[in-house]
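Colleague: Please take a close look at one part of this model, the surroundings of the ligand. Which residues and elements build the shell around the ligand?

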Amino acid sequence: MSQAHSVDFSALPTDLLIGGTWRKGNGGEAIEVIDPASETVLASVANASIEDGIAAVDAASAVAAAWAATPPRQRGEILRRAYELMMARSEHFAVLIALENGKALPDARGEVAYAAEFFRWYAEEAVRVSGDITPSPSGNYRIMVQYQPIGVSVLVTPWNFPAAMATRKIGPALAAGCTCILKPATETPLTALAVAQLLEEAGVPPGVVNVVTTRSAGKVVGAMLRDPRVRKLSFTGSTEVGRILLREASHQVLNCSMELGGNAPFIVFEDADIDAALAGAMIAKMRNGGEACTAANRIYVHSAIYDRFAEQLAERMSQLVVGNGADPDSQCGPLINMAAVDKVQELVDGAVSHGAKIVTGGHRLNRPGFFYAPTVLRDVQKGAKMLEEEIFGPVAPLVRFSDEDEVIEAANATEYGLVSYVFTSDLARGLRVSDRLESGMVGLNRGLVSDPAAPFGGVKASGLGREGGQHGILEYMEAKYTALAW
Ligand code: ADP
């Protein structure tokens with residue numbers, strides 16, 4: 001193996017960013033950031049108290065009117081500079097992400113490009129928010145609709161895309177004219193703090209973007225959501241925490257964008273291009289080592305091609321180079337922590353006890369770090385928990401089907417509805433099936449749907465609202481209707 005890349009941790013910001021000042025937190029013991037490939041401490045970051053969280057709301061609120069009044073073109077140009085700075089430092093960000101999150105460098109590089117693109121896309125969208133005027137049906141007046149910034153926004157992000165989940169929220173919030181407080185995941189705060197420092201350099205005025213890292217997420221976020229100056233919550237994370245936050249947000253009837261869990265079906269029909277379906281399955285399953293809400297969680301393969309597909313998928317999975325994400329040779333890094341490895345093992349054991357067969361993998365790796373072998377299971381039976389819950393690891397469960405209606409019914413038999421994947425060379429069938437799948441997004445002959453130019457989001461328990469595309473900026477705006485007569 002070649003030498004793993006690293007960054008100079010002593011040069012990275014580790015304090016809270018409040019009102020343009022970097023300062024220590026008052027929440028007690030600092031937060032240690034663990035390298036999931038070695039279980040060693042990379043750095044420690046500030047631990048915010050409730051008072052620190054409210055100080056961030058003070059800061060965001062103090063400059064809210066000035067930022068909303070800043071010309072859209074000027075806001076857009078700051079975001080454009082942020083895009084350029086991020087691309088200029090893409091390798092630094094990629095290595096940092098690989099180190100604190102564990103994902104392999106090719107995935108980390110992909111994330112940086114994706115993350116930066118949210119700044120570029122919303123730099124362009126900042127000047128494209130249009131309203132409309134229509135005659136009332138009675139003909140007596142006009143209906144004028146304009147969009148106004150919603151106000152101070154609390155952004156809570158997960159550890160699986162530490163850069164992209166932050167920029168996907170900060171980009172549209174700033175473009176819309178909102179100020180914000182970012183609460184990144186405790187596991188991966190370093191990338192978020194580095195993004196905030198980059199935004200300062202790009203010209204974001206003090207107080208417009210604040211960052212609080214904390215061990216007491218529930219208390220600090222809860223207090224911010226009850227502060228009457230806060231008007232918006234955008235959350236990406238588990239459905240379980242999403243439900244808690246929706247309850248917290250109900251006190252002030254906050255506008256909520258929620259990007260929650262998934263349980264993506266990946267359906268391969270007998271007429272699919274098998275190589276394309278295999279390549280799609282590898283991306284949909286293994287991007288981020290399976291730690292993505294869009295990950296293919298249940299792979300339904302038609303009987304006619306099932307054995308061939310199982311064998312070839314297992315071959316590709318078993319050939320992946322597993323290792324430290326920051327090592328240039330690695331294709332699959334460690335999971336985020338030991339609890340994640342334990343959960344994956346429990347799901348695999350459960351499926352096997354229900355009759356599934358291990359084709360490859362099925363075990364953790366005997367080495368330091370939180371590694372799990374890329375795994376393919378065949379003949380996973382209904383009732384196995386891994387068909388119902390997010391696996392969030394490098395495990396591909398295969399299920400055999402023979403009928404279109406039957407597979408659609410199985411695909412929809414979940415509380416989740418984020419994304420579905422369909423592979424078929426019959427376009428009419430592809431569109432017919434897509435129409436009937438209960439998910440916010442469909443990958444039709446594609447294993448990757450994420451794109452800053454497209455509306456990302458789910459139905460059912462996978463969430464509320466859309467991020468990205470033209471929809472994303474409206475999540476940070478309110479429609480203002482004026483009944484107009486002259
Ligand atoms: P994951 O399963 O991806 O770790 P979580 O939903 O646990 O997702 O976490 C996503 C984000 O929500 C993280 O920033 C985490 O710190 C934060 N979080 C977790 N619990 C709470 C809570 N009770 N209130 C507010 N934020 C929370």
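Modeller: What follows is a walk around the ligand site, from contacts to pocket to shell. Keep in mind that this is a predicted model.

Start with the residues. The ligand is surrounded by 16 of them. Thr157, Trp159, Lys183, Phe235 and Ser238 are the closest. Three of these five also make polar contacts with ligand oxygen atoms. Thr157 uses its backbone: an N or O atom there lies 2.7 Å from an oxygen atom of the ligand. Trp159 uses its side chain, with an N or O atom 2.8 Å from a ligand oxygen. Ser238 also contributes a side-chain N or O atom, at 2.7 Å from an oxygen atom of the ligand. As for burial, the ligand on its own has 560 Å² of accessible area, and the protein covers 76% of that.

Now the pocket. The ligand takes up the space of the largest pocket.

Next, the elements. Three of them each supply at least two residues of the shell: helix 8 (217-225), strand 10 (230-236) and helix 9 (239-250). Helix 8 gives the largest share, with three residues.

Last, the chemistry of the shell. Ten of its residues are nonpolar. Five are polar, and one is charged. Lys183, one of the closest residues, is that charged residue, since Lys counts as charged. So the polar contacts from Thr157, Trp159 and Ser238 belong to a shell with ten nonpolar residues, by the class rule.

Note on methods
Residues numbered from 1 in each chain as written. Predicted model: local features only at pLDDT ≥ 70, side-chain atom pairs only at ≥ 80, totals over all residues. Heavy atoms only, no water. Near = heavy atom within 4 Å. Polar contact = N/O pair within 3.5 Å; in protein donor to acceptor, adjacent residues only side chain to side chain. Areas by Shrake-Rupley, 256 points an atom, 1.4 Å probe, with all protein chains shown as cover. 1 Å grid on protein atoms, 1.4 Å probe; cavity = no way out; pocket = protein on both sides within 12 Å on 5 of 7 lines; lining within 4 Å. Sits in = over half its atoms within 2 Å of the grid points. Helix = DSSP H or I, 4+ residues; strand = E, 2+ residues; numbered from the N terminus.
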